[in-house]
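I opened this entry to log a first pass over a single chain. I wanted the fold layout, the overall dimensions and the charge pairs on record.

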Amino acid sequence: MAYDDQNIFAKILRGEIPCDMVYENEHALAFNDINPGRPVHVLVIPKGAYVDMNDFSVEASAAEMVDLMKAIGEVAKICGVDQSGFRLMSNTGADGHQEVMHLHFHIFGGAPSGPMIKRIEKL
Ligand code: AMP
């Protein structure tokens, strides 16, 4: 899938719409989710134009990958969930229920996340 630079996170990165920033480094930005599902719900995104993990894992530089991973660890500390624990999630594509087509990791914390996934009856 081609990257659409009109997606909402691209607009945040260009400063066209605001975000509630938590952390940034050279290649990654983290901000609070506008519709939080947990007391802590932060989105961590690469600053580069990547649709999802398929795209990022092939196209991103080593420096971009390192900064994205570092950002996740820093956000966990900043938000005080590094010791209590958190769920890290990246929805990808149709089956992954991805709504914003710019790679992002959700960090959920501050309350138990529950079982990993809602099971379907017949696999
Ligand atoms: P996903 O379903 O994984 O693509 O998640 C997209 C997430 O982006 C949702 O949790 C939304 O609440 C969040 N979101 C959408 N627009 C904004 C925004 N302007 N600022 C912060 N979070 C947003």
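The notes below go from the whole chain to single side-chain pairs.

**Model and layout.** I am working from a predicted model. I looked up the secondary structure and found 3 helices and 5 strands in the protein chain. Read from the N terminus, the order of elements is α-β-β-β-α-α-β-β.

**Dimensions.** I checked the radius of gyration against the globule rule. The protein chain has 15 Å, and this agrees with a compact globule because one of 123 residues would have a value near 14 Å. Along the principal axes, the C-alpha atoms fill a box of roughly 35 × 35 × 30 Å.

**Burial and contacts.** I noted that 37% of the 123 residues are buried. Of the contacts with a separation of 6 or more, 56% are between residues 24 or more positions apart. The exposed area of the protein chain is about 7600 Å², and carbon and sulfur atoms supply 55% of that area.

**Charges.** I next looked at the charged side chains. The protein chain carries 10 positive and 17 negative charges, and the mean positions of the two sets are 10 Å apart. Side chains of opposite charge can pair when their charged atoms come close. I then asked how many salt bridges the structure holds. The count is 3.

**Arginine 14 and glutamate 16.** In this salt bridge the closest N and O atoms are 2.7 Å apart. I looked up the accessibility of both partners. Glutamate 16 has a relative accessible area of 48% and is partly exposed. Arginine 14 is also partly exposed, at 39%.

**Glutamate 24 and lysine 47.** Here the salt bridge has its closest N and O atoms 2.8 Å apart. The pair links distant parts of the chain, with the two positions 23 residues apart in numbering. Glutamate 24 sits in strand 1 (residues 21–24), while lysine 47 is in the loop between strand 3 (40–46) and helix 2 (53–59). Lysine 47 counts as partly exposed at 31% relative accessibility, and glutamate 24 does so at 42%.

**Glutamate 74 and lysine 77.** For this salt bridge I read 3.5 Å between the closest N and O atoms. The cut-off is 4 Å, so the pair counts as a salt bridge. Both residues lie in helix 3 (residues 62–78), 3 residues apart, which is about one turn of the helix. Glutamate 74 is partly exposed, with a relative accessible area of 29%.

Methods. Residues numbered from 1 in each chain as written. Predicted model: local features only at pLDDT ≥ 70, side-chain atom pairs only at ≥ 80, totals over all residues. Heavy atoms only, no water. Helix = DSSP H or I, 4+ residues; strand = E, 2+ residues; numbered from the N terminus. Rg over C-alpha atoms; globule rule 2.2 N^0.38 Å. Buried < 20%, exposed > 50% of the residue type's maximum accessible area, 1.4 Å probe, protein only. Contact = heavy atoms within 4.5 Å. Areas by Shrake-Rupley, 256 points an atom, 1.4 Å probe, with all protein chains shown as cover. Lys, Arg positive; Asp, Glu negative; His and termini not counted. Charge placed at Lys NZ, Arg CZ, Asp CG, Glu CD. Salt bridge = Lys/Arg side-chain N within 4 Å of Asp/Glu carboxyl O.
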